[in-house]
Amino acid sequence: MTQASHHIGTGTGTARTDQLLEMYRRMRRIRRFEERASDLYKATEIPGFLHLSIGQEASAVGACWPLGARDGITSTHRGHGHVLAKGLDSASMMAELMGKDAGTCHGRGGSMHIADPGLGIYGANGIVGAGLPIAAGVATAAKLRAAGDVVVAFFGDGAVAQGMFHEAVNLAAVWDLPVVFLCENNHYSEFSPESEQHRAPLSARAAGYGIEYQHVDGNDVLAVAQTMTGLVARLRAGGGPVLLEAETYRWHGHYEGDPERYRPAEEVAAAKERDPLLIARRRLDTAAADAVDEEIDKEIEAAIDWARSLPEPTPETLHDYVSAPRHPIPEPAPLPADAEIFRSMDAVRLALEHELTADPSVFVAGIDVGAGGNVFGLTRGLAQAFPGRVRDTPISESAIVGTAVGAAMAGMKPVVEIMYMDFIGVCLDMLLNQAAKLRFMTGGRASMPLVVRTQFGAGRSSGSQHSQSLEALLAHIPGLTVVMPSNPADTYGLLRAAIQDPNPVVFVENRLQYGLKGPKPPADHLIPLGRAKVIREGTDITLVSWSRMVQDALAAAELLAGEGISVEVIDLRTIAPLDRETVLASLAKTNRLVIAHEAVRDFGVGAELSAMAVDEGFWHLDAPVTRVAPPSVPAPYAPSLERVWLPSRDTIADTVRRIAAV
């Protein structure tokens with residue numbers, strides 16, 4: 001089935017009747033798909049979770065009626081109706097629900113994660129409210145392209161309690177984004193009635209955000225389509241976001257198998273009297289509606305038969321779709337001794353400036369990155385040089401990263417900033433469950449070329465909430481690339497490579513190095529992601545580090561050279577994916593390994609390197625593998641405690657001496 005935008009005809013003539021019959025056909029497709037999915041789930045032919053939207057078909061079909069192929073939607077865990085209404089075919093969806101390789105997402109997503117950005121479907125989502133910031137990102141891409149595209153973000157009344165709802169709607173309001181936030185109010189948040197979840201109506205919330213609010217009977221497909229047609233036309237003409245409440249009801253429980261003890265049977269029976277399909281049928285010729293029923297029944301049964309005949313994904317495809325293939329980048333030549341000197345902070349600005357100039361799909365967003373030029377002055381002047389493409393955001397980390405996710409899926413290359421690495425926890429879902437997983441869960445359909453820039457750094461009494469080195473947390477998430485440069489030239493080359501990369505990259509700078517000086521590379525300087533570098537040759541012991549601690553490692557190696565200990569220093573540069581080969585090759589040469597890092601010692605990247613050494617490199621070891629790192633204590637504020645807590649050149653040197661003597 002192809003999908004195209006439609007307009008509601010006027011009067012009561014044949015054209016309007018034909019439109020209603022087509023709306024009925026789409027609703028009937030959703031209804032029958034859901035009914036048969038319920039049957040198949042009970043027969044164990046569909047694994048995993050299943051959340052059905054029976055009773056809510058009119059809001060899906062009416063909302064998507066005026067949308068074209070370029071317009072976008074984001075959906076929910078109850079999203080079959082939305083994606084069918086937007087034009088996804090029922091056969092590949094049924095195969096996806098059955099976990100088949102020919103499914104919409106090659107069996108990687110299942111019921112809650114169906115997506116096809118090529119059709120403007122930016123994903124159903126298993127996290128309540130998560131589609132809203134993503135919709136803001138898709139709408140940002142639409143606004144930057146100025147092509148008149150709009151986005152519809154479906155959500156349930158339960159999502160209103162999520163912080164992501166507030167952040168997304170507020171950002172959309174501030175940026176005047178072309179998005180309709182469509183609440184399918186079925187009056188239940190999982191098991192809880194709406195009255196126990198909220199005290200303010202959506203109309204009041206919309207007023208609080210300074211955006212338009214409208215209400216529609218969500219069971220009347222014509223009413224929804226007419227309302228949406230007007231809203232979409234206004235948004236195409238440059239209007240800002242709208243909050244639309246479509247009142248409806250779900251007949252089934254929250255999930256298949258839900259005992260539904262939280263609502264009386266008579267309430268459900270009364271709701272069924274307002275069946276969206278019955279409301280539409282009353283306006284149609286019975287024979288025509290019956291013919292549609294028969295047509296759709298055959299379509300869905302054919303989809304089931306086809307899906308049943310298909311194979312599941314084969315075991316050897318387990319690793320497929322985790323990350324997009326990287327374009328190979330050669331290791332650059334050493335910089336000349338007489339190269340111009342610049343600082344790490346200059347490297348960040350110049351890399352951003354280069355990519356903004358070279359690629360119109362790149363944009364920068366974050367808190368005070370525009371007019372303010374970043375809290376450290378790193379982006380000063382860029383907003384003036386690239387109007388509209390260096391954007392200040394509210395203090396809304398989930399919305400910032402969610403916008404990056406949506407914009408990346410829509411074909412942009414966003415570079416967003418989280419002011420301090422410690423604030424990653426505020427928006428972790430957008431990294432953990434969205435950016436890192438969407439390519440995999442969509443079977444490669446979702447593109448995710450985005451960069452999250454952030455910074456950290458202990459040693460200046462910044463305290464426990466502004467000093468953390470959290471790379472181990474991020475590196476543990478499959479699908480994320482984590483980069484931590486140690487010098488100005490690497491900062492420039494790695495940041496440019498990260499922006500050009502087709503995968504989500506968290507780029508972590510150390511703020512204590514912003515003033516660090518080093519040779520300036522040529523403008524085309526790129527450094528391959530996922531490749532460590534031996535930055536000092538040695539024969540007695542391998543010392544691995546990254547970020548600012550590399551400078552202490554080099555200083556320790558220089559000190560120890562005067563004592564006759566030859567230390568080989570490796571700068572990881574990229575934490576994930578980890579360059580195991582470079583470390584193991586060095587270990588095979590020196591037979592000893594010490595790891596130094598600024599993150600706390602327990603459960604860190606150093607532990608992963610140690611495990612690798614005693615597993616893959618066991619027969620090369622002549623001494624224990626040892627880590628130099630802060631104890632498992634939050635970063636102290638008092639300078640006297642922070643000095644004891646943080647490793648230094650001297651503590652690294654002491655450890656290397658001890659291991660070299662074994």
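A polar contact is a pair of N or O atoms within 3.5 Å, where within protein one must be able to donate a hydrogen and the other to accept it. Asp579 gives an example in this predicted model: a polar atom of its side chain lies 2.8 Å from the backbone nitrogen of Ala532. The side chain of Asp579 also reaches the backbone nitrogen of Glu581, at 3.4 Å.

Asp579 sits in the loop between β19 and α20, the latter covering residues 580–590. The residue is buried and yet has no salt bridge. The nearest side chain of opposite charge belongs to Arg531, 4.3 Å away. A salt bridge requires a side-chain nitrogen of Lys or Arg within 4 Å of a carboxyl oxygen of Asp or Glu, so Arg531, at 4.3 Å, does not form one with Asp579. What the side chain of Asp579 does have is the pair of backbone nitrogens already named, that of Ala532 and that of Glu581.

Salt bridges occur elsewhere: a search of the whole structure finds 40 of them. One of these joins Arg236 to Asp71, with the closest N and O atoms 2.6 Å apart. Arg236 belongs to helix α8 (residues 221–236), while Asp71 is in the loop between α2 (57–64) and β1 (72–74), so the salt bridge ties together parts that are 165 residues apart in sequence. The two partners differ in accessibility. Asp71 counts as buried because its relative accessibility is 2%, whereas Arg236, at 34%, counts as partly exposed.

A pair within one helix is Asp305 and Arg308, whose side chains meet in a salt bridge at 3.9 Å, N to O. Both residues lie in helix α11 (residues 286–308), three residues apart, which is about one turn of the helix. Asp305 has a relative accessible area of 47% and is therefore partly exposed; Arg308, with 40%, is partly exposed as well.

Arg649 and Asp650 form another salt bridge, the closest N and O atoms being 2.9 Å apart. Here Arg649 is partly exposed at 35% relative accessibility, and Asp650 is partly exposed with a relative accessible area of 38%. Salt bridges can also link into a network, as they do for Arg28, Arg32, Glu35, Arg281, Asp290, Asp293 and Asp297.

The pockets come next. The largest pocket has a volume of about 690 Å³. It is lined by 26 residues, of which Ala475, Ile477, Pro478, Gly479 and Ala576 are the closest to its centre. Four elements, α16 (438–441), α17 (471–475), β19 (574–576) and α21 (605–615), each supply at least two residues of this lining. Of the elements, α21 gives the most, with three residues. By class, the lining of the largest pocket has 16 nonpolar, six polar and four charged residues.

The second largest pocket has a volume of about 420 Å³. Its lining consists of 23 residues, and those nearest its centre are Leu335, Asn487, Ala489, Asp490 and Lys533. At least two lining residues come from each of α18 (488–500), β15 (517–519), β16 (533–536) and α19 (549–561). The lining of the second largest pocket divides into twelve nonpolar, five polar and six charged residues.

Conventions
Residues are numbered from 1 along each chain as its sequence is written. This is a predicted model: local features need pLDDT of at least 70, side-chain atom pairs count only at pLDDT 80 or more; totals for chains, interfaces and linings use all residues. Side-chain values use heavy atoms; hydrogens and water are left out. Buried means under 20% relative accessible area, exposed over 50%, partly exposed in between (1.4 Å probe, protein chains only). On a 1 Å grid over the protein atoms alone, a cavity is a set of points where a 1.4 Å probe fits but cannot get out, and a pocket is an open set with protein on both sides within 12 Å along at least five of seven lines; lining residues have an atom within 4 Å of a point. Grid points are joined across faces, edges and corners, and a volume is the space filled by probe spheres set on the points. Ala, Val, Leu, Ile, Met, Phe, Trp, Tyr, Cys and Pro count as nonpolar, Asp, Glu, Lys and Arg as charged, and the others, Gly among them, as polar. Lys and Arg count as positive and Asp and Glu as negative; His and the chain ends are not counted.
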